[in-house]
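Q: Please take a close look with me at one part of this structure: the place where its chains meet. I'm new to this, so go one step at a time and tell me how that part fits in with the rest.

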There are 2 protein chains.
Amino acid sequence: MSRRPSLTGSSATADQVAVRRHNLSLVLGHLRRHGDRSRARVAEETGLNKATVSSLVAELVERGLVSEGEAERGGVGRPAQAVGLDGRHLVALGAEINIDYLSVLALDLRGELVAERRVALDTAGMEPTRVLGELARVVREVLDGLDGRSRPVGLTVAVPGLVETATGTVFDAPNLRWQRTAAVAQLCADLDAPDYPVTLDNEANLAAVAELAARADAPPDDLLLLTGGAGVGGGMVAGGRLLRGGQGFAGEVGHMRVERAGARCGCGRTGCWETVVGLHTLLRLAADEGDPVRDPARDLVQRLDELRGRAAAGDTRTLAALTEVADWLTVGAGILVNVLNPQVLVLGGYFAALGPWFAEALEAGLQQEVFAPGSGGCRVEMSTLGFSAAVRGGALQALSVVFDDPTRAGLAPPARTTDDLATGATR
Amino acid sequence: MSRRPSLTGSSATADQVAVRRHNLSLVLGHLRRHGDRSRARVAEETGLNKATVSSLVAELVERGLVSEGEAERGGVGRPAQAVGLDGRHLVALGAEINIDYLSVLALDLRGELVAERRVALDTAGMEPTRVLGELARVVREVLDGLDGRSRPVGLTVAVPGLVETATGTVFDAPNLRWQRTAAVAQLCADLDAPDYPVTLDNEANLAAVAELAARADAPPDDLLLLTGGAGVGGGMVAGGRLLRGGQGFAGEVGHMRVERAGARCGCGRTGCWETVVGLHTLLRLAADEGDPVRDPARDLVQRLDELRGRAAAGDTRTLAALTEVADWLTVGAGILVNVLNPQVLVLGGYFAALGPWFAEALEAGLQQEVFAPGSGGCRVEMSTLGFSAAVRGGALQALSVVFDDPTRAGLAPPARTTDDLATGATR
């Protein structure tokens, strides 16, 4: 076992502890961004000295965050042993509560998908306590299904509405019909006081986090994510940072008024953007009541597949509904691109599922709507994360706790042999 | 004269020069934010050692940026001599080209107003070359009027439209009818190749810079400035930084489409927000052609005074016009507050001039329009900078060159006596 500084001992000042923590985070983040490499190379690339890097890596190994992998090839002399993120010992959980479904997703430290569960549920017709109880059940199911050695480090829950992250309260989520719901408190009770942090965030913010991570090779500084569901949310990255606003309530794009005398919205206002581009509006335009695509008990992905099939077959009513929604999508997106000038506009949720029917109209429409020439350089992309963007963003957010402060990973993982470490076979 | 490291000499490495420059900027910025104080106090508050601070202050004095002021009271022992920003030796210039006027403003290093000139001019009816020539004439007038010892350190020009700052080109300013105008190049030619940098920026961005500076005591992290003129611009500060977008074209709020089948805008589109809240719309609603308030040759401030007088006297047509514009102002502001969740919404330009007639309707309207309760904590404020916000922001921007890198202030100021320095009388 390597030397580790005492976190409370009198020999370590608060400053030394903070520097050590910062450097642990630096090395762990470096391995995340750049992949497995030797200690010598980490030292060279981070500017830390080799002895420090060796000590830091030893602590990260001890905490189960890093393990030794294959020897690095191509150097002169003895091949150096590479180290890299160890995906075996912990998982971060994301969860999502939405109108028609619940979902839970687990990522390992390497960001690899470990488990995913999706349950169709007509949440809007249920009491918040029942929905949260059901979510706790799904979380437990996912955890039970994992190799017992993977310890959860956090759970972040995505909700379509105003969220007070500090208190874990859903302030207002009209499509769920939730108001001032102490969601984190109840979830913690239902999960029998878990030893990992449980937090709450807006679903579009978390989806934007996932979209940014999906573009990690060349992350755009300015990204706008629009997530289409019963409601419409916006997740905005500006200058490389999530744009949250003064009270954390930025991105309520679904409630931009686009028609002065428009339809009544779930929030009580009229003319909100989501009244003309929300999922239920599209479904109402495309099909009569009783049509299976309008059945909230059926899985949404299947219903959208059905709709896509009808559009492909040239069904007039479906095509007219898609055109109508695409027109309004362009109006609202045009407003947002004029205001934010993003480099990339990502359509998520059902907008992406029906992407081929929206993309062309939207691209052309933005050229018209946006004052800056060439839509201000904004390209339209369809999310490839399907309905998992928010839940994946939740897991990434939960994971960030460990990357920000690797000492949060706590104790060493359960006993394992040196061989086990050296081969890194299960990574 | 104090020792100053050679900026090019072989003894100073590039790193040492950069560190020195950083520390000069640190000390100068500290004096700007916190006011006059002793070297010892600067050392204590910045964490730099006393000898370093003395050397840095000596260089700042030599460059004419700092001078010695009164002895600091209240300490134990010999009173220490305070040092502070020296406002005597340089000025930063802001300029603005707008539909009905040109203006030029000069600030000293302390941010104090040194000179301001405003010229009513129907710029939209003139060729860009004539407008720029006229602006150069006003700039020269302002410089000629200054004590010859105040050297200009920069000029930043505010324009209502899309600006490519890197090339100094006005990309598109429909209300001026300018397109791809190489404004900086021509202005430099008209000013006979000035030895200070000339730059260009969007007027609302610069107005937001001025509004932030006006709130320096408690600067909001998230501020939205709406500037009302013939066009309507938005300057947005998010997380403490100006939100510029991918190509620098963010904040084109005047071209948000708020009516699908609305009036034709100067940009060629229909339903743009500025077609219902722009100055000319208000004037058209409030008065017939030929009415003096619609005469672009008259000073705008006087015309707005006249309009305010009519409203105060209960003139029905004026009041109806103000109500109509206030309603639409609320719709667009509601969209922006839903998207950005600013802590403060500042109304500038003509919106502020008619503030008393808009504020109440807007405050109440936002409570309705904004999804987050209590308008998401957004308070409405009227700019107190009048039509000088953008031009003042331009001067502040020009000044920032010196605060970012005090060595840009170049040579020592003209000869002066030690007495002159010690009394700091003209500061």
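A: Let's start with how the copies are arranged in this predicted model. Turn chain B by 180°, with a shift of 0.0 Å along the axis, and it lands on chain A with an RMSD of 0.0 Å. The two copies are therefore related as by a two-fold rotation axis. Which residue of chain B comes closest to that axis? That's B:V258, whose C-alpha is 2.9 Å from the axis.

Now for the contact itself. Chain B puts 46 residues into it, and chain A puts in 45. Of the interface residues of chain B, 98% are also interface residues in chain A, so the copies meet through the same surface.

People often describe the size of an interface by the accessible area that is lost when the parts come together. Here, chain A and chain B bury about 3800 Å² between them, and 58% of that is on carbon and sulfur atoms. On the chain B side, the residues that lose the most area to chain A are B:R260, B:V339 and B:F371. Taken together, those three make up 21% of what that side buries.

Next, the charges and polar groups. Side chains of opposite charge can pair when their charged atoms come close. Across the interface of chain B and chain A there are two salt bridges. In one such salt bridge, B:E369 meets A:R257, with 2.6 Å from N to O. The interface also has 23 residue pairs in polar contact, counting pairs with both residues at pLDDT 80 or more.

Which elements of chain B give two or more residues to the side that touches chain A? They are the strands β9 (169–173) and β13 (232–238), plus the helices α10 (316–340) and α12 (355–369). Helix α10(B) gives the largest share, eight residues. Sort the residues on the chain B side by character and you get 22 nonpolar, 14 polar and 10 charged.

So much for the contact between the chains; now let's look inside one of them. Chain A is divided into domain 1 (14–86), domain 2 (90–206 + 388–404) and domain 3 (217–385). Notice that domain 2 is written as two stretches of the chain. The centres of domain 1 and domain 2 of chain A, taken over C-alpha atoms, are 32 Å apart. Nine residues of domain 1 touch eight residues of domain 2 in chain A. Between them, these two domains of chain A bury about 790 Å², with 59% of it on carbon and sulfur atoms. On the domain 1 side, A:R32, A:L65 and A:L85 lose the most area to domain 2, together 54% of what that side buries.

You'll find salt bridges and polar contacts inside the chain as well. Domain 1 and domain 2 of chain A share one salt bridge. A:R110 and A:D36 form a salt bridge in which the closest N and O atoms are 3.9 Å apart. Two residue pairs are in polar contact between domain 1 and domain 2 of chain A, again with both residues at pLDDT 80 or more. On the domain 1 side, α1 (14–34) and β3 (81–85) of chain A are the elements that give two or more residues. Of that side, α1(A) supplies the largest share, four residues. The domain 1 residues that touch domain 2 in chain A split into three nonpolar, three polar and three charged.

Finally, zoom out. Over all chains, the structure holds 44 salt bridges. One more to find is the pair A:D405 and A:R21, with the closest N and O atoms 3.6 Å apart. A:D405 lies in the loop between α13 (389–404) and α14 (418–423) of chain A, while A:R21 is in helix α1 of chain A, so this pair ties together parts that are 384 residues apart in sequence.

Terms used
Residues numbered from 1 in each chain as written. Chains lettered and ligands numbered in written order. Predicted model: local features only at pLDDT ≥ 70, side-chain atom pairs only at ≥ 80, totals over all residues. Heavy atoms only, no water. Domains from an automatic or database assignment. Contact = heavy atoms within 4.5 Å. Buried area = accessible area lost by both parts, 1.4 Å probe. Salt bridge = Lys/Arg side-chain N within 4 Å of Asp/Glu carboxyl O. Polar contact = N/O pair within 3.5 Å; in protein donor to acceptor, adjacent residues only side chain to side chain. Nonpolar A, V, L, I, M, F, W, Y, C, P; charged D, E, K, R; others polar. Least-squares fit on C-alpha atoms with pLDDT ≥ 70 in both.
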